[in-house]
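Colleague: I would like a close look at a single part of this model, taken slowly and in one piece.

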Amino acid sequence: MANDLIGRWAALAFLERILDEHLPLDQAFEQTCRFYGDKLTVQDRAFVRHLGTSCLRHLGQLDAMINHCTTTKLTSKKKTVRNILRLAITQLLYMQVPAHAAVNSAVKMTDKQKNSSDRHAKGMVNAILRRIDREQEKFSTKFSPGLNIPKWLKASWVARYGSGQVDDMAVALLAEPPLDFSLKDQTAAKQWAEKLGGIELPNGSVRVEKAGPVAQLDGYEEGQWWVQDTAASLPATLLGAKSGDRVLDLCAAPGGKTAQSLAKGCQVTAVDQSARRLRRFEENMSRLGFSCETVVTDAATYSPDEPFPFILLDAPCSSTGTMRRHPEVSRMRGPLDITALAEIQKNLLDAAISILPVGGRLIYCVCSLQTEEGPDQIAALLSRNEKIQRVPITADELTGFGQAIMDNGDVQTLPHHNPAANIPGGMDGFFISRLTKTSD
Ligand SMILES: C[S@@+](CC[C@H](N)C(=O)[O-])C[C@H]1O[C@@H](n2cnc3c(N)ncnc32)[C@H](O)[C@@H]1O
């Protein structure tokens, strides 16, 4: 890096925008880059993003290490010192940055703090980092990845998936995930895998290990593909709509699932309550050369003139299934959010059911690992509405994803599930249920 401190100051600002201002990762990164402007080179920006994201992924382990090394409370008043330590340990243990660079920069940053008691902590910062560097092997192994999952969240996962699977999930959440692409022309997966330097997945997506800036990739300008995690592509596939079918996509923006239906030749109406997100949706469709009707409204009150035999409800949720890409999610959500979101999902599900014609198909999905947002929603719906039945999803519809099919025919993908035994990289956690209406 041109200036070895500037990237680290920017990484500190990036981290604090997420942890203190509760900004989503992408927004925090954009704001940080805008603030530093030309002072950050392209390499600096990549370093800032990698450092901040790695630090967030390991946050629980990092804090356990710091607490192991000092009894000084590095809480509210000294939180910047804690953040400087978190970032420096990340560099030492998880980024192979030479010790002199990681330690000296952290000490210098501590010395520049406004508050004199923070400045006095520089001796402690130096001592902790030197110790962790000396005992790298111990510190790398003693603190388990499970520490990175907040207690309430971990307890909810253990209750549903068991501790063995949660350990696997915790490990999967540490890795920088690959990028998956859905294709406009699904028959061209082999060619696109070659062009993008990736591999074909069993569902027809292409997976690229280290893709770099997507707007610079082959096929972006021409709208030949869009970025979509392989798990996120399953709901629209399982809806089963064919060319010419009328599809209602409730909660449609930014449009990954709508694009799948349009690629099949369906006639889609896309509803979203956010005008801002629907503008982004329209930009995405325009790049892909697709067009469809869009409606800015609350899906809970939307009433179409003509019924839709296929409805997709990709409901707003906690997004705990997307933590591979968004490690900040676990720091921004709490149990009360899950309760509030479950109420919104229930209302949206009831509204979708009320406009589903007899014999129609509804896919309900959420990018969540939480029971309340997935299985509990469907169990409660089936018990309060006897006209609704589940249409179980079967293994032959989901080649390669068999382990995600639940006994009752719903689907729950998990971060450590791989699209095939020989294809690593995991996938987002998605819950999917397919339903039909048997009578009016
Ligand atoms: C999980 S995202 C949808 C992702 C999208 N289906 C895709 O594949 O790209 C949820 C969307 O629901 C929208 N939303 C939230 N509450 C809504 C409501 N009551 N009515 C309509 N849209 C809503 C949000 O604006 C957001 O765009």
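How do the residues of the shell around the ligand divide into nonpolar, polar and charged? Please go on from there to strand S8 and say whether its residues are buried or exposed.

Modeller: The model is predicted. In the shell around the ligand, nine residues are nonpolar, four are polar and five are charged. Of these 18 residues, the ones that come nearest are Cys251, Gly256, Gln273, Ala299 and Asp314. Two elements give two or more residues to the shell, namely helix H14 (256–263) and strand S6 (267–272).

Asp314 leads to the strand you asked about, S8, which spans residues 310–314. Five of its five residues are buried, so S8 is largely enclosed by the rest of the structure. In a regular strand, side chains alternate between the two faces of the sheet. In S8 both faces are covered: one side carries Phe310, Leu312 and Asp314, the other Ile311 and Leu313, and all are buried. Asp314 is thus named twice, among the residues nearest the ligand and as a buried residue of S8.

S8 also has strand partners. Strand S5 (residues 246–250) pairs with S8 in the parallel sense, over four bridges; in this pairing Leu248 has Ile311 as its bridge partner. Strand S9 (residues 361–366) runs parallel to S8 as well, and five bridges join the two. There, Phe310 stands opposite Arg361.

As for the wider setting, an unreviewed UniProt entry lists residues 147–438 as "domain: SAM-dependent MTase RsmB/NOP-type". That span is 32% helix and 17% strand, and its end C-alpha atoms lie 46 Å apart.

Notes: Residues are numbered from 1 along each chain as its sequence is written. This is a predicted model: local features need pLDDT of at least 70, side-chain atom pairs count only at pLDDT 80 or more; totals for chains, interfaces and linings use all residues. UniProt positions are given in the numbering used here, feature names are shortened, and annotations may be inferred rather than shown by experiment. A residue is near a molecule or strand if its C-beta atom, placed from the backbone, lies within 6 Å of it. Ala, Val, Leu, Ile, Met, Phe, Trp, Tyr, Cys and Pro count as nonpolar, Asp, Glu, Lys and Arg as charged, and the others, Gly among them, as polar. A residue is buried if 20 or more other C-beta atoms lie within 10 Å of its own, exposed if 12 or fewer, and partly exposed in between; C-beta atoms are placed from the backbone. Two strands pair if DSSP finds at least two bridges between them.
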